[in-house]
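Colleague: Before I use this model at the bench, I would like to hear the reasoning behind the terms used for it. Could you take me through them one by one?

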Number of protein chains: 2
Amino acid sequence: MKKIAVLLSGCGVYDGTEIQEAVSVLIALDELGAAAVCVAPDMPQHHVVDHLTGDDMGHARNVRVESARIARGAVLDLAEVKVAELDGLVIPGGFGAAKNLSNWAFAGPDCTVQPGVAALIQDMVAAGKPVAALCVAPVLLAKALSGMGITLTLGTPEGASPYDIEGFHAGVASLGAKPVACELGEIAVDAAHKVVTTPCYMMDAGPAAILAGVRKACAQLLAWTA
Amino acid sequence: MKKIAVLLSGCGVYDGTEIQEAVSVLIALDELGAAAVCVAPDMPQHHVVDHLTGDDMGHARNVRVESARIARGAVLDLAEVKVAELDGLVIPGGFGAAKNLSNWAFAGPDCTVQPGVAALIQDMVAAGKPVAALCVAPVLLAKALSGMGITLTLGTPEGASPYDIEGFHAGVASLGAKPVACELGEIAVDAAHKVVTTPCYMMDAGPAAILAGVRKACAQLLAWTA
């Protein structure tokens, strides 16, 4: 059974992992016969957002502890993860990728990716193991694999989206990545680096379309592990 | 488009809604062409559990605010919900059903169901509108519809489960419900009352099996709205 790390960044779209994307990954990997290994850094969240109002709640939560809500308990500390024991990596989206795993939300392409996160991404790719990144998470690949010319997508400027897809694509291009436009449900495939990305909630979407896109990305990821 | 209320009880299996079950409901309703209307009571959680360690974290969180993490923001206050505007109701599981929506976790069949929750369940059934309850949530139906002889399931004592299914079935039977044994993925159908239940994480399970069972329950629910 293939062991696929699922890198979480908290629990909730505005300050952590996008929950529906993360659960879709767990469903898709299970349907495809792979074992999900949830991992998260043991660190404070950047902040805690009231998901009803958007307000900063002004207290502290821990990324790994909150991620455990999605995983029903078992979340490895990122510091303990060994690339040699993994067959692949999936990074769901949510602002946690851009606020906790990196500070892209505040610094854009000048951001810093958390050292443990950058090392995991770099070591997986160096070992020829596949990586999938969903929604906004491809910015982590663009930064951690800066200059490697990774083909990836944040969505399409042609479709309905609450975000500035063109701006995201310009940002990752400034780091040497090659952004391509993908509609909801389409995947961008970089076969040379075994990297697959898909827009998910970067575009206007609903839960069924999220699962469909995630399934496609996970199927491509697992095809590379065969 | 049918409007189906999804009654949430927080965000996380040990102190709120079971996240994977709730997301599976959102996916299944979307796949089936129905609109999910997430609702939750605006009240403090019974407690907040560290999902890594099981410890009480000793601070307060609000059921509706945390539920909004699953829903990506929009969660109606249960006090504002109008049965006349709904076509059906789904209640996912998680300890939130037994700690926040009721106190079954502490009092069993002697529990109190939150008045707004009991009224919603009673009014839906009285109006001939269908109700689905997943995992441990059928205990809410047993109590709120006490003496009505509702057929329901909490799972099967014959299968692998972390819980005392026989004890749960004895508890709901003491309230006049008619418990039936269901394996993971099977549904218990009470056609007279338009109530459907399925065990989900009351049994040992993984995310793909959860979605499959939830899909079956939601399909039955929607068939009753046709």
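**Sheet, helices and the two copies**

Modeller: In this predicted model, chain A holds an open sheet of 7 strands in the order β3-β2-β1-β4-β5-β9-β8, with mixed pairing.

Colleague: What makes β3 and β8 of chain A the edge strands?

Modeller: Each of them, β3 (76-77) and β8 (188-190) of chain A, pairs on one side only.

Colleague: How do you know that β1 and β2 of chain A pair?

Modeller: Two strands count as paired if at least two bridges are found between them, and β1 (residues 3-7) and β2 (residues 35-40) of chain A have 5 bridges, in the parallel sense; A:A5, for instance, has A:V37 of β2(A) as its bridge partner. Helix α2 (residues 63-71) of chain A packs on the sheet, where α2 touches β2 and β3 of chain A, and its direction makes about 155 degrees with that of β2(A). Helix α5 (residues 115-126) of chain A also packs on the sheet, touching β1, β4 (88-91) and β5 (131-134) of chain A, at about 140 degrees to the direction of β4(A).

Colleague: In chain B, which strands pair with β4(B)?

Modeller: β4(B) pairs in the parallel sense with β1 (residues 3-7) of chain B over 3 bridges, and likewise with β5 (residues 131-134) of chain B over 3 bridges. In the pairing with β1(B), B:V6 has B:V90 as its bridge partner, while B:L89 stands opposite B:V131 in β5(B).

Colleague: Which way do the residues of β4(B) point, and are they buried or exposed?

Modeller: B:G88 and B:V90 point one way and B:L89 and B:I91 the other, and all are buried, a word that here requires under 20% relative accessible area. In a regular strand the side chains alternate between the two faces of the sheet.

Colleague: Why are α1(A) and α1(B) called roughly perpendicular?

Modeller: Their axes come within 10 Å and cross at roughly 95 degrees; angles of 65 to 115 degrees count as roughly perpendicular, and α1(A) and α1(B) are therefore described in that way. The residues making the contact include A:V23 and A:I27 of α1(A), and B:V23 and B:I27 of α1(B). By class, this contact has 8 nonpolar, 4 polar and no charged residues.

Colleague: How do you know that the copies are related as by a two-fold rotation axis?

Modeller: Chain B can be laid on chain A with an RMSD of 0.0 Å by a turn of 180 degrees and a shift of 0.0 Å along the axis, and the two copies are thus related as by a two-fold rotation axis. The same surface serves both copies, since 100% of the contact residues of chain B recur in chain A. Of the residues of chain B, B:V23 comes closest to the rotation axis, with its C-alpha at 3.5 Å.

Methods
Residues are numbered from 1 along each chain as its sequence is written. Chains are lettered from A and ligands numbered from 1 in the order in which they are written. This is a predicted model: local features need pLDDT of at least 70, side-chain atom pairs count only at pLDDT 80 or more; totals for chains, interfaces and linings use all residues. Side-chain values use heavy atoms; hydrogens and water are left out. Axes are lines fitted to C-alpha atoms, for helices over the stretch in contact, and angles run from 0 to 180 degrees between N-to-C directions. Helices (H or I, at least four residues) and strands (E, at least two) are DSSP runs, numbered from the N terminus. Angles under 35 degrees count as roughly parallel, over 145 as roughly antiparallel, 65 to 115 as roughly perpendicular and the rest as oblique. Contact means heavy atoms within 4.5 Å. Ala, Val, Leu, Ile, Met, Phe, Trp, Tyr, Cys and Pro count as nonpolar, Asp, Glu, Lys and Arg as charged, and the others, Gly among them, as polar. Buried means under 20% relative accessible area, exposed over 50%, partly exposed in between (1.4 Å probe, protein chains only). Copies are superposed by least squares on the C-alpha atoms of residues with pLDDT of at least 70 in both.
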